[in-house]
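Take a moment with the sequence and the model below. The text after them starts at one pair of residues and then moves outward.

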Amino acid sequence: AYASLYELRVSTDGGVTWEDPVTLRRDESPNVLNDKNTMTADPNDSDFVYAIWDRLVSPPGEAAPPRAFENSVAFRGPVLFARTSDGGDTWEPAREIFRPGTIAQTIGNQIVVLPDNAQFDGELLGNHTGTIGWGVSIDGGRTWVDGGGPPVGGPVISWSSDPVVAVDAKSGWFYLCALAIGTGSSNSIAV
């Protein structure tokens with residue numbers, strides 16, 4: 001009765017009809033929330049589609065009693081990822097690609113694909129540090145490594161909003177837009 005799930009439906013006729021739903025992740029615990037999902041079709045290969053989201057678990061143990069979420073101050077929020085390599089006919093099981101630790105989560109995960117097929121996942125790390133980072137995959141999402149993130153310094157004290165990422169398909173330039181906490185008379189900077 002408490003399911004948190006990530007389902008998708010596919011239409012091949014512009015939304016007139018829809019196929020039966022496909023469940024990428026289903027959690028029965030009332031202490032789990034699959035949240036802030038995004039989906040990206042690979043512009044270089046139409047067989048590949050990538051799904052990414054954060055999964056909040058509070059308290060961090062999977063076997064906590066129902067309603068524990070209401071009173072818990074501890075949580076964790078790993079990044080989950082799933083993909084299809086056959087145009088959506090089948091989906092690989094969802095899996096964690098980043099675990100930020102306890103009392104930490106990511107938010108605003110979004111996949112962009114570069115012209116050379118590298119994938120970037122931009123995210124705000126919600127662990128009270130206000131950092132933005134990204135994971136990088138060069139094999140269609142099979143493996144991921146830490147790709148770093150934009151610097152904090154100068155007028156930027158920390159990042160405070162979900163990042164929005166994009167890529168120029170011709171030049172390969174990677175763009176990131178986020179709200180930053182700044183110094184001086186203005187404490188909000190759009191970067």
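Begin with V164, which stands opposite C177 of strand β13. This is a predicted model, and that pair is a good place to enter it.

V164 opens strand β12, which covers residues 164-167. Its partner, β13, covers residues 174-177. The two strands run antiparallel, and four bridges join them. Together β12 and β13 form a hairpin. Six residues lie between the strands. One of the turn residues is G172, whose phi is positive, at about 80 degrees.

Now step back to the protein chain. How many helices and strands does the chain have? The count is one helix and 15 strands. The chain has 191 residues, and 41% of them are buried. Its accessible surface comes to about 10200 Å². Carbon and sulfur atoms account for 56% of that surface.

Contacts show how the sequence folds back on itself. Consider those between residues at least 6 apart in sequence: 47% of them join residues at least 24 apart.

Next, go to D86. Where does D86 sit? It lies in the loop between β5 (79-84) and β6 (95-98). Is D86 buried or exposed? D86 counts as partly exposed because its relative accessible area is 27%, between the 20% and 50% cut-offs.

D86 also has a partner for its side chain. That side chain makes a polar contact with the side chain of T84, at 2.8 Å. S46 is 40 residues away from D86 in sequence. In space, the two C-alpha atoms are 8.4 Å apart.

How values were computed:
Residues are numbered from 1 along each chain as its sequence is written. This is a predicted model: local features need pLDDT of at least 70, side-chain atom pairs count only at pLDDT 80 or more; totals for chains, interfaces and linings use all residues. Side-chain values use heavy atoms; hydrogens and water are left out. Two strands pair if DSSP finds at least two bridges between them. Buried means under 20% relative accessible area, exposed over 50%, partly exposed in between (1.4 Å probe, protein chains only). Contact means heavy atoms within 4.5 Å. Accessible areas come from the Shrake-Rupley method with a 1.4 Å probe; for residues, only the protein chains shown count as cover. A polar contact is a pair of N or O atoms within 3.5 Å; within protein, one must be able to donate a hydrogen and the other to accept it, and residues adjacent in sequence count only if both atoms are side-chain atoms.
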